[in-house]
Amino acid sequence: MSTRVLVAFATGYGSTQEVAEAVAAALRESGVEVDLRLAREVRVLADYRAVILGAPLVMHHLHKDVLGLLSRHRKALVQLPVAVFALGPVHDPHDEQEWQDSRDQLDKELAKLPWFKPVAVEVFGGRFDPALLRFPLNKLAGPAPASDIRDWDAIRAWAGDLSTLLACSG
Ligand SMILES: Cc1cc2nc3c(=O)[nH]c(=O)nc-3n(C[C@H](O)[C@H](O)[C@H](O)COP(=O)(O)O)c2cc1C
């Protein structure tokens, strides 16, 4: 039986990749064998006993590369424990409305996949840097300030809880 866990992520501007790396590192510290892959490069899931998917919310949707993975690997994912995290809020860590909006967007995306029953779903704060935006978004964003509200303690704590959860479902 496979012992490895896959952390597969999508990213537009790199911040979700860094969170996926932190999740993978925390799992490894708990003794879990982890592969870290870009979602669009994942070919087979047969070697894994669990999967963690990470993606940013973009224009109210999960990043297309994670939606693509979910669609391509539906048959395998139905059989595995899967956890999901999304990056969304970028302004004020205490703005409850922004967090609720991101959570609602994520829930709405997952509700479109009734077959998909993740064992854990989490929203993390993200990073926004107008200087990184590509055309035409750089023109549309206007003079917005850069921010990074990723909470590394919360990310590590979630990954730690996950290692327990995945051990139970493995
Ligand atoms: C063009 C753009 C659109 C975004 N749309 C949303 C959104 O609809 N909902 C949300 O919660 N966050 C949204 N965000 C915030 C991102 O999820 C956040 O910046 C995240 O950290 C980006 O991840 P990445 O660096 O891996 O691409 C958006 C960010 C950008 C740049």
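The exchange below is about the nonpolar cores and the ligand site of a predicted model.

Colleague: What makes the 26 residues a nonpolar core, and which of them touch the most other members?

Modeller: A nonpolar core is a set of buried residues of kinds such as Leu, Val and Phe, joined through side-chain atoms within 4.5 Å. Of the 26 residues in the largest such core, Leu45, Val51, Leu53, Leu70, Leu77 and Phe116 touch the most other members. Two or more residues each come from β1 (4-9), β3 (48-58), α2 (64-72), β5 (82-87) and α4 (96-111), and β3 gives the largest share, five residues.

Colleague: Which residues does Leu70 touch, leaving aside those up to four places away in sequence?

Modeller: With that restriction, Leu70 touches Leu53, Leu77, Leu113, Trp115 and Phe116. There is also a second, separate core of 24 residues, with Ala26, Val32, Phe124 and Trp158 among them.

Colleague: Why is the pair formed by Ser15 and the ligand called a polar contact?

Modeller: A polar side-chain atom of Ser15 lies 2.6 Å from an oxygen atom of the ligand, and because a polar contact requires a pair of N or O atoms within 3.5 Å, this pair qualifies. By that cut-off the backbone N or O atom of Gly14, 3.3 Å from a ligand oxygen atom, also qualifies, as does the side-chain N or O atom of Gln105, 2.7 Å from a nitrogen atom of the ligand.

Colleague: How much of the ligand does the protein bury, and which residues are the closest to the ligand?

Modeller: Taken alone the ligand exposes 640 Å², of which the protein buries 88%. The ligand is surrounded by 20 residues, the closest being Thr11, Ser15, Thr16, His60 and Arg127.

How values were computed
Residues numbered from 1 in each chain as written. Predicted model: local features only at pLDDT ≥ 70, side-chain atom pairs only at ≥ 80, totals over all residues. Heavy atoms only, no water. Buried < 20%, exposed > 50% of the residue type's maximum accessible area, 1.4 Å probe, protein only. Helix = DSSP H or I, 4+ residues; strand = E, 2+ residues; numbered from the N terminus. Contact = heavy atoms within 4.5 Å. Near = heavy atom within 4 Å. Polar contact = N/O pair within 3.5 Å; in protein donor to acceptor, adjacent residues only side chain to side chain. Areas by Shrake-Rupley, 256 points an atom, 1.4 Å probe, with all protein chains shown as cover.
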